[in-house]
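Ready for a short workout in reading a fold? Have a look at the structure below, then try the exercises before reading the solutions.

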Amino acid sequence: MSGIVVVGAGQAGSSLVAKLRALGYDGKVTLIGEEHAPPYQRPPLSKKYLLGEMELERLYLRPESFYSENMIDLRLDAAVTAIDRTDKVVVAGGQAVPYEHLVLTTGSVPRRLPPAIGGALEGVYVVRDLRDVDSMGPEFREGAKVLIVGGGYIGLEAAAVAASKGLQVTLVEMADRILQRVAANETSDYFRELHRSHGVDIREGVGLERLTGEGRVSGALLSDGTELEADFVIVGVGITPATALAEAAGVEVENGIKVDAQGRTSDPAIWAAGDCASFPYRGARLRLESVPNAIDMAECVAENIMGADKTYVPQPWFWSDQYDVKLQIAGLNVGYDRVVTRDSEGGISFWYFAGDTLLAVDAANDARAYMVGKRLIDNGKTADPAVVADPGADLKALLKA
């Protein structure tokens with residue numbers, strides 16, 4: 001029996017192989033990863049790890065011994081270069097690895113600046129994997145000038161680390177406001193003020209024309225004509241699903257590797273989970289970039305490989321740490337038409353509604369608002385906006401309505 005091969009040794013891949021063993025699968029399991037390190041957490045890379053507050057071993061999702069103890073063939077430093085769907089083998093490190101079921105948990109890849117505008121200069125970094133963060137770590141010297149391109153969560157988290165370590169930070173966002181793609185004006189306003197209070201120079205509605213420097217970056221020309229000096233640059237302009245391997249094999253792709261409600265691709269022997277996969281959701285297709293989705297979807301696929309025939313229904317949540325603020329997000333805010341703000345002692349939350357329906361909650365240092373909002377959303381319930389807006393009202397009463 002050729003067993004199950006999982007390509008991509010990140011959060012989804014690690015969760016899937018662990019779930020297979022927990023479910024009692026006793027066949028051969030192979031987990032293949034391109035990196036040298038065993039599966040590890042990615043979110044702390046741009047937060048505690050970059051700050052130097054987390055050791056490498058604490059990043060690991062499971063002790064390295066877990067894989068051998070559970071008879072999981074963990075192959076690191078092994079790039080999968082091809083899938084042969086006819087013979088049911090993948091080519092990894094020049095070796096053919098046979099499979100009965102193949103699972104693609106290939107994740108995503110960061111968008112980079114084109115070489116034509118200086119993206120290939122030394123000193124230009126992205127934040128995606130351990131190698132990225134280890135290579136930029138020495139740049140974080142007090143007083144150094146860093147330019148951050150992109151005002152999404154990755155860019156803002158990197159800005160928070162840099163400002164906390166005493167660097168001079170400039171962040172440029174081409175859109176009208178930071179977080180424009182993922183959050184309401186209210187959330188953007190909150191984080192803009194937070195960063196400016198820590199000395200970050202945020203410039204919105206300003207694009208990057210090009211980076212300057214001979215061999216190594218030394219500055220930037222912005223779309224408004226401003227010239228800046230920069231000792232190094234961090235690019236946080238989004239990610240794209242890692243679909244090249246699937247596409248080359250003729251597996252159907254639609255905003256990621258296209259899967260059905262159970263996680264199976266257009267090839268019945270191939271499955272996908274995590275950042276790389278798009279799945280049916282409320283009459284459309286959805287792809288989520290989050291740790292909870294990677295874990296939950298991977299575990300659902302493991303169950304379905306074992307015959308469960310279970311539909312994957314996400315319960316989205318996300319988080320971001322910036323300075324002493326923990327942002328917790330429940331739900332998806334797509335289609336909102338109003339936002340209700342709730343001030344609470346030490347925190348604030350923003351509640352997204354479409355008509356009378358609660359869609360999502362952004363809670364900054366307000367764990368109670370997050371907890372109540374998530375429970376309501378997960379259970380298909382809504383909230384009375386008047387109660388939400390009243391700081392004296394007991395949010396927990398909403399759970400009994």
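The three exercises below concern two helices and one strand residue in this predicted model.

**Exercise 1.** Find how many residues of helix α1 are buried, and what covers them.

*Solution.* Start with the extent: α1 covers residues 11-22 and reaches 16 Å between its first and last C-alpha, close to the 16 Å expected. Next, count the buried residues: 10 of the 12 qualify, among them L16, V17 and L20. Now look around them: the cover includes strands β1, β2, β3 and β7 along with helices α4 and α9. Finally, step past the helix to G24, which has a positive phi near 95°.

**Exercise 2.** Decide whether L31 is buried or exposed, and list some of its contacts.

*Solution.* First place the residue: L31 sits in strand β2. Its relative accessible area is 0%, and buried means under 20%, so L31 is buried. Then check its neighbours beyond four places in sequence: L31 touches G13, S14 and V17, as well as V6, Y67 and I72, among others.

**Exercise 3.** Check the span of α9 against its expected value, then examine its N-terminal end and its packing.

*Solution.* At 1.5 Å a residue, the 15 residues of α9 should span 21 Å; the end C-alpha atoms are 21 Å apart, so the two agree. At the N-terminal end, S290 acts as a cap, with a side-chain oxygen 3.2 Å from the backbone nitrogen of N293. As for burial, 12 of the 15 residues are buried, including M297, C300 and V301. These buried residues of α9 pack against α1 and strands β1, β7, β19, β20 and β22. Just after the helix, G307 takes a positive phi of about 100°.

Definitions and conventions:
Residues numbered from 1 in each chain as written. Predicted model: local features only at pLDDT ≥ 70, side-chain atom pairs only at ≥ 80, totals over all residues. Heavy atoms only, no water. Helix = DSSP H or I, 4+ residues; strand = E, 2+ residues; numbered from the N terminus. Expected span 1.5 Å × (residues − 1). Buried < 20%, exposed > 50% of the residue type's maximum accessible area, 1.4 Å probe, protein only. Contact = heavy atoms within 4.5 Å. Polar contact = N/O pair within 3.5 Å; in protein donor to acceptor, adjacent residues only side chain to side chain.
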